[in-house]
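Visitor: I am new to protein structures and would love a close look at one part of this one. Could you pick a helix, walk me around it, and then show me how it fits into the rest?

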Amino acid sequence: MKRYSRITGTGSFLPARRLTNADLVAELASQGIETSDEWIVERTGIRARHFAADGVFSSDLGLEAAKRALASAGRSAQDIDLIIVATSTPDMVFPSTACILQNKLGAHGGAAFDVQAVCSGFVYAMTIADAMIQTGAATRALVVGAEIFSRILDFKDRTTCVLFGDGAGAIVMEASDRPGILASDLHADGKYVDILCVPGHVSGGSVLGDPLLKMDGQAVFKLAVGVLESAARATLYKAGKTEADIDWLIPHQANIRIMQSTARRLKLSMDKVIVTVDQHGNTSAASIPLALDSAVRSGQIKEGQTLMLEGVGGGFTWGAVLLIL
Ligand code: ACO
């Protein structure tokens, strides 16, 4: 009998401090940076984001999301034999945030590692967990996206600092004889490293180079729309499905205009697209599991439905996962 992987639980967590556009605009104005709610809403669809308090790390956000995912799966941390954390804002240079999270969960001995694929991190991590479960290398996985992008934002750069937020989302994936994950499709093209990066590096006890996020927004926008369409089509093809089989599209929550263009290209109504970018901003690797969990908990997404998850981000990386919940 073929061995598949299925999602059996979802969870998410947002830090308490919520800034509306008006809050952020006022804070930036006090630093001499001019922006407006109108500009942010019109260009991005973002209305609010959450920022973590000092001393809180990605593993802390991931821990709360993981506990909720485990509770919804009816599992304890001891049941988990694989933890993958997708993050570009790890707690430390090393060890991995996944190992730190494993310790905070009190679950010892299973495999644990991070995946660094920026905003595509969660679909990368899910694809790895699916492959490991299918081959028998793991049986029950906790896959987490956790980010504190507020720590790497340049609050003097209005073209980027209004776009991002902090948060975490998690899923439990388990071996099953019924298909959950149907197909996935991952890609990267390293020639685009410079259009979205945090170029600094640690050396000799200090950070050398710029430790803050740099982005050529228009270049990212153009690439994102094309690759999100091609990854979705390739994934559908691998699974022997068509756009008509998709109940819900859950794209990386970066910009409402990217999501609208992707939906248009896939001939999907926006009624079939889960949108949380308005409330969360771009939470990078956390955005897809945050959107998934909020839609599951609100009752929008129901068991048995077919979901297309899509990530795109720095690297340049992109990918998609098609699954039955
Ligand atoms: N407030 C007010 N004005 C602003 C702001 C701001 N916050 N930011 C830029 N502007 C101004 C610019 O200075 C420019 O002014 P000018 O015309 O006088 O020169 C004008 O607005 C237009 O700027 P553009 O950069 O052309 O704006 P655009 O419509 O391209 O929107 C944006 C910018 C929102 C960044 C868009 O390009 C975008 O969303 N790109 C994709 C980003 C993305 O999806 N990233 C995902 C990957 S994230 C990851 O992997 C970590």
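Guide: Here is a walk around one helix, followed by a tour of the protein that holds it.

Please keep in mind that this is a predicted model. Our helix is H2, which runs over residues 37-44. Which residues of helix H2 are buried? They are Ile40, Val41 and Thr44. These three cover an arc of only 105 degrees around the axis, so they sit on the same side of H2. Now turn to the face that points away from this buried side, and you meet the exposed residues Glu38 and Glu42.

What do the buried residues of H2 pack against? Their partners are helix H1 (21-29), strand S3 (48-51), H8 and H9. Step just past the end of H2 and you reach Gly45, which has a positive phi of about 85 degrees.

Let us follow the partners of H2 outward, beginning with S3. The loop between S3 and H3 holds Ala53. With a relative accessibility of 47%, Ala53 counts as partly exposed. Ala53 and Arg17 are 36 residues apart along the chain, yet a distance of 7.4 Å separates their C-alpha atoms.

H8 and H9 lead us to some backbone angles worth a look. Most residues other than glycine have a negative phi, and most peptide bonds are trans. In the loop between helix H8 (256-265) and helix H9 (277-280) you will find Lys267. Lys267 is not a glycine, but its phi is positive, at about 55 degrees. Further along, the loop between H9 and helix H10 (287-297) contains Ser284. Ser284 also has a positive phi without being a glycine, with a value near 50 degrees. Are these two residues buried or exposed? Lys267 counts as exposed because its relative accessibility is 71%, above the 50% cut-off. Ser284 counts as buried because its relative accessibility is 1%, under the 20% cut-off.

For another helix to set beside H2, try H4. Its buried residues are Thr97, Ala98, Ile100, Leu101, Gln102 and Leu105. Among the elements that cover them are helix H3 (58-73), S4, strand S5 (111-115) and strand S6 (140-148). Just after H4 comes Gly106, with a positive phi of about 75 degrees. On the way into H4, look at the loop between strand S4 (82-86) and helix H4 (97-105), where Pro95 lies. The peptide bond from Phe94 to Pro95 is cis, with omega near 5 degrees. A cis bond also joins Gly315 and Phe316, where omega is about 0 degrees. Phe316 belongs to the loop between strand S14 (306-313) and strand S15 (317-324).

That brings us to S14, the strand that contains Leu309. Leu309 counts as buried, because its relative accessibility is 0%. Setting aside residues up to four places away in sequence, Leu309 touches Val123, Met126, Ile250, Ile288, Gly319, Ala320, Val321 and Leu323. Leu309 and His252 are 57 residues apart in sequence, while their C-alpha atoms are 7.8 Å apart in space. One of the residues that Leu309 touches, Val321, is also in contact with Thr127. Thr127 sits in helix H5 (residues 121-135) and is buried, with a relative accessible area of 15%. Leaving aside its neighbours within four places in sequence, Thr127 also contacts Ser184 and Leu186.

Finally, let us step back to the whole protein. It has ten helices and 15 strands. A compact globule of 325 residues would have a radius of gyration near 20 Å, and the 19 Å of this protein agrees with that. Along its principal axes, the C-alpha trace spans about 65 × 45 × 40 Å. Buried residues make up 54% of the 325 residues. Among contacts between residues at least 6 apart in sequence, 76% join residues at least 24 apart. The protein exposes about 13,300 Å², and carbon and sulfur atoms supply 53% of that area. As for charge, there are 30 positive and 34 negative charges, and their mean positions are 4 Å apart.

If you go back to H2 now, try finding its two sides again: Ile40, Val41 and Thr44 are buried, and the exposed Glu38 and Glu42 are on the face turned away from them.

Terms used
Residues are numbered from 1 along each chain as its sequence is written. This is a predicted model: local features need pLDDT of at least 70, side-chain atom pairs count only at pLDDT 80 or more; totals for chains, interfaces and linings use all residues. Side-chain values use heavy atoms; hydrogens and water are left out. Helices (H or I, at least four residues) and strands (E, at least two) are DSSP runs, numbered from the N terminus. Buried means under 20% relative accessible area, exposed over 50%, partly exposed in between (1.4 Å probe, protein chains only). The arc is that of the directions from the helix axis to the C-beta atoms. Contact means heavy atoms within 4.5 Å. The radius of gyration is taken over C-alpha atoms; the globule rule is 2.2 Å times the number of residues to the power 0.38. Accessible areas come from the Shrake-Rupley method with a 1.4 Å probe; for residues, only the protein chains shown count as cover. Lys and Arg count as positive and Asp and Glu as negative; His and the chain ends are not counted. The place of a charge is taken as NZ of Lys, CZ of Arg, CG of Asp or CD of Glu.
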